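Please open the structure in the viewer and keep the selection tool at hand. The tour below proceeds one selection at a time.

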Amino acid sequence: MPDPPDPPEVDPQGLDPRGAGSSDADGRHFASEWLAEHGDLLFSYAVSRLGGDAEAAEDVVQETLVAAIRAYGGFNQQSKVETWLVSILRRKIVDRYRAARRRGDGEAETALFDEHGSLLDVVDWSEAAGGRIESAEFAAVFDACLAELPPAHAEAFAVVVMDGLTTEEACSLLGVTPTNLSVRLHRARVALRKLLQTRWFEEK
Amino acid sequence: MSLWRAVKMLLTLRCEESTRLLSDSRSRDLTPVERWSVRLHQIGCSYCRKAAEQMRMVDQAARARAVRLRQMPDEVRGRIAAKLGDAVREADERADR
């Protein structure tokens, strides 16, 4: 009886995107390459959107790469791997915020307006502080402020302002109406204005 | 919008609504009535004049923060690599069956 034919060779280096002749459509040969090439970006991205929580960022990056292995069959070769990985990561970040919402984290919102709907405590900002928003020091302050927002407001701000999604994209990702998104963004911006004023921009 | 509501909006806008419209204006064009309501409100409200500028700064600062790249710490990379190794082995086993 003749031997069964050898199984098709799997490209050990993972250089051929589809793994020459391999029947599996998953991306397991690329996982370590993705981590090596895009790990820093994915991690930085997650840390900044999750209010500086490095542990949570580690979790979502790992979940992203594991999900990417399974989802590789659906990856459109025309688009950049990095863009594709970031889109998976964004979903994982939103899942994380959703879980925080379910637990009822950060429900207590600080007062942003008085009983007449008027703004509180608006002072002049220091131009010098404004010139240092690209510093590592500012990044840490910003992270702490984002972390203080209710999760629903933080995630809206993260996907619209930090990621640059359109209203339609953000609404479908977060499962909210445009009106609801508008309310969340408003609360997030007013709260961040107040927090950043106290912790960074106020003339000292 | 009815004429009455438009007039009311023009004359009675509060900071809360004014800042909401400022926030909205970053993702859509405001209607003429909305735009004028904000302008009229800002004439009498120095807080909102400042806050308008400061909210723009908040977005700008957030975007500066968003593109900041930092290296993934080695121990994080190591832990993720180990977990990925497990996931790859599982995928191999599934493929072998």
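**Starting inside chain A**

Select Ala46(A) first: beyond its neighbours within four places in sequence, Ala46(A) is in contact with Ala57(A), Val60(A), Val61(A), Leu89(A) and Ile93(A). The model is a predicted one, and the confidence values are taken up below.

Next, widen the selection to the largest nonpolar core, which has 66 residues. Ala46(A), Val61(A), Leu65(A) and Ala156(A) are the residues with the most contacts inside this core. Colour α8(A) separately, since that helix gives the core its largest share, nine residues.

**Chain A as a whole**

Now display chain A as a cartoon. The chain contains eight helices and zero strands, and its elements run α-α-α-α-α-α-α-α from the N terminus on. Of the 204 residues in chain A, 37% are buried. Among contacts in chain A between residues at least 6 apart in sequence, 67% join residues at least 24 apart.

Colour the chain by confidence. The average pLDDT of chain A is 87, and 86% of the residues score at least 70. Residues 7-23 of chain A should then be selected: pLDDT stays under 50 over this stretch, for which the model has 18 contacts beyond four places in sequence.

**Helices α6 and α8 of chain A**

Select residues 151-162 of chain A, helix α6, together with residues 178-201 of chain A, helix α8. The axes of the two helices come within 8 Å and cross at roughly 95°. An angle of 65 to 115 degrees counts as roughly perpendicular, so α6(A) is roughly perpendicular to α8(A).

Show the side chains where they meet. From α6(A) come Ala152(A), His153(A), Ala154(A), Ala156(A), Phe157(A) and Val160(A), and these meet Leu181(A), Arg184(A), Leu185(A), Arg187(A), Ala188(A) and Ala191(A) in α8(A). By class, this contact of α6(A) with α8(A) has nine nonpolar, one polar and two charged residues.

**Across to chain B**

Keep α8(A) selected and add residues 15-24 of chain B, which form helix α2 of that chain. Here the axes are 9 Å apart and the packing angle is about 105°. It follows that α8(A) is roughly perpendicular to α2(B).

Which residues in α8(A) meet α2(B)? They are Ser182(A), Leu185(A), His186(A), Arg189(A) and Val190(A), and their partners in α2(B) are Thr19(B), Arg20(B), Ser23(B) and Asp24(B). The classes in this contact are two nonpolar, four polar and three charged residues. Leu185(A) appears both here and in the contact of α8(A) with α6(A).

Extend the selection to the whole contact between the chains, which takes 43 residues from chain A and 40 residues from chain B. On the side of chain A that touches chain B, the elements giving two or more residues are α1 (31-49), α2 (54-71), α5 (136-148), α6 and α8 of chain A. The largest share of that side, nine residues, comes from α1(A). By class, the side has 22 nonpolar, twelve polar and nine charged residues.

**Last stop: Leu22(B)**

Finally, centre the view on Leu22(B), which lies in helix α2 of chain B. Is this residue buried or exposed? Leu22(B) counts as buried, because it has 21 C-beta neighbours inside 10 Å. Leaving aside its neighbours within four places in sequence, the residues in contact with Leu22(B) are Val38(B), Ala52(B) and Met55(B). To end, draw a distance from the C-alpha atom of Leu22(B) to that of Val33(B), eleven residues apart along the chain: the separation is 13 Å.

Definitions and conventions: Residues are numbered from 1 along each chain as its sequence is written. Chains are lettered from A and ligands numbered from 1 in the order in which they are written. This is a predicted model: local features need pLDDT of at least 70, side-chain atom pairs count only at pLDDT 80 or more; totals for chains, interfaces and linings use all residues. Axes are lines fitted to C-alpha atoms, for helices over the stretch in contact, and angles run from 0 to 180 degrees between N-to-C directions. Helices (H or I, at least four residues) and strands (E, at least two) are DSSP runs, numbered from the N terminus. Angles under 35 degrees count as roughly parallel, over 145 as roughly antiparallel, 65 to 115 as roughly perpendicular and the rest as oblique. Two residues are in contact if their C-beta atoms, placed from the backbone, lie within 7 Å. Ala, Val, Leu, Ile, Met, Phe, Trp, Tyr, Cys and Pro count as nonpolar, Asp, Glu, Lys and Arg as charged, and the others, Gly among them, as polar. A nonpolar core is a set of buried Ala, Val, Leu, Ile, Met, Phe, Trp, Tyr and Cys residues joined through C-beta atoms within 7 Å. A residue is buried if 20 or more other C-beta atoms lie within 10 Å of its own, exposed if 12 or fewer, and partly exposed in between; C-beta atoms are placed from the backbone. pLDDT is the predictor's confidence in each residue, from 0 to 100.
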